[in-house]
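Here's a quick walk through one protein model. Have the viewer open and follow along.

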Amino acid sequence: MKRIICIALVLVTALGVMLTGCSPAYDKSPDQYNKVKWVAPDYSFRFNTSDDCKGNYNYNGKKYNIKVEFHNTSLSVQDTDLNKELFFADWTYEDGNKLYIYNITFNTKDYKEFESNYSEFVRLHQEKL
């Protein structure tokens, strides 16, 4: 009897973890805001939701044209000029309307210059268009 209860508890816990991991954490992802530009304080990273989340990322004096794609609580930043992934990361909201991008993993295979980019996170705020 104890064994059946333990197995049932494990199954219920595993099912709960799976369902929690598959459901979105927020009602609205950053790309679903209308007429908003997400901008880092130093303007090194920005994108415009009204322009299909296109924008730019600046690093070491070089400007990369990008498109940000959101997937649940992760995102992918694509280089639109070379059609390659620049980096991927996780995202969450801070203070209600600030976007916190963290766990940034750069594509150092295709972009050797990012081997010296140690940015692990960036905070963006909204600018109305």
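What follows goes from the overall layout to two hairpins, one serine and the salt bridges.

## The overall picture

Keep in mind that this is a predicted model. The protein chain has 1 helix and 8 strands. Reading from the N terminus, the helix comes first and the strands follow, in the order α-β-β-β-β-β-β-β-β.

The chain has 129 residues, and 33% of them count as buried. About 8500 Å² of the protein chain is exposed, with carbon and sulfur atoms supplying 53% of that area. As for contacts with a separation of 6 or more, 36% come from residues 24 or more positions apart.

## Two hairpins: β1, β2 and β3

Let's start with β1 and β2. These two run antiparallel and are joined by 3 bridges. If you want a landmark for the pairing, look for Lys-37, which sits opposite Asn-48 in β2. The two strands form a hairpin with 5 residues between them, and Tyr-43 in the turn has a positive phi of about 60°.

Next, β2 pairs with β3 (residues 54-59), again antiparallel, through 4 bridges. Here the handy landmark is Arg-46, whose bridge partner in β3 is Asn-56. β2 and β3 make a hairpin as well, with 5 residues between the strands, and in this one Asp-52 takes a positive phi near 60°.

## A closer look at Ser-44

Ser-44 sits in the loop between β1 (36-39) and β2 (45-48). Is Ser-44 buried or exposed? Its relative accessibility is 17%, and since the cut-off for buried is under 20%, Ser-44 counts as buried.

So what does Ser-44 touch? Leaving out residues up to four places away in sequence, Ser-44 is in contact with Asn-56, Tyr-57 and Asn-58. Within its own loop, there's a polar contact from the Ser-44 side chain to the side chain of Asp-42, at 2.7 Å. For a sense of distance, the C-alpha atoms of Ser-44 and Gly-61 are 9.8 Å apart, with 17 residues of separation in sequence.

## Salt bridges

How many salt bridges does the structure hold? There are 3. One of them brings together the side chains of Asp-52 and Lys-67, with 3.0 Å from N to O. This pair links distant parts of the chain: Asp-52 is in the loop between β2 and β3, while Lys-67 is in strand β4 (residues 62-71), 15 residues apart. Asp-52 counts as partly exposed at 45% relative accessibility, and so does Lys-67 at 22%.

Another salt bridge is formed by Lys-84 and Asp-110, whose closest N and O atoms are 3.7 Å apart. Again the pair links distant parts of the chain, with Lys-84 in strand β6 (residues 84-94) and Asp-110 in the loop between β7 (98-106) and β8 (121-128), 26 residues apart. Lys-84 is partly exposed, with a relative accessible area of 34%, and Asp-110 is partly exposed at 35%. Then there's Arg-123 with Glu-94, where the closest N and O atoms are 2.7 Å apart. Arg-123 lies in strand β8 and Glu-94 in strand β6, so this salt bridge ties together parts that are 29 residues apart in sequence. Arg-123 is partly exposed at 39% relative accessibility, and Glu-94 is partly exposed with a relative accessible area of 23%.

Key: Residues numbered from 1 in each chain as written. Predicted model: local features only at pLDDT ≥ 70, side-chain atom pairs only at ≥ 80, totals over all residues. Heavy atoms only, no water. Buried < 20%, exposed > 50% of the residue type's maximum accessible area, 1.4 Å probe, protein only. Contact = heavy atoms within 4.5 Å. Polar contact = N/O pair within 3.5 Å; in protein donor to acceptor, adjacent residues only side chain to side chain. Areas by Shrake-Rupley, 256 points an atom, 1.4 Å probe, with all protein chains shown as cover. Pairing = 2+ DSSP bridges. Salt bridge = Lys/Arg side-chain N within 4 Å of Asp/Glu carboxyl O.
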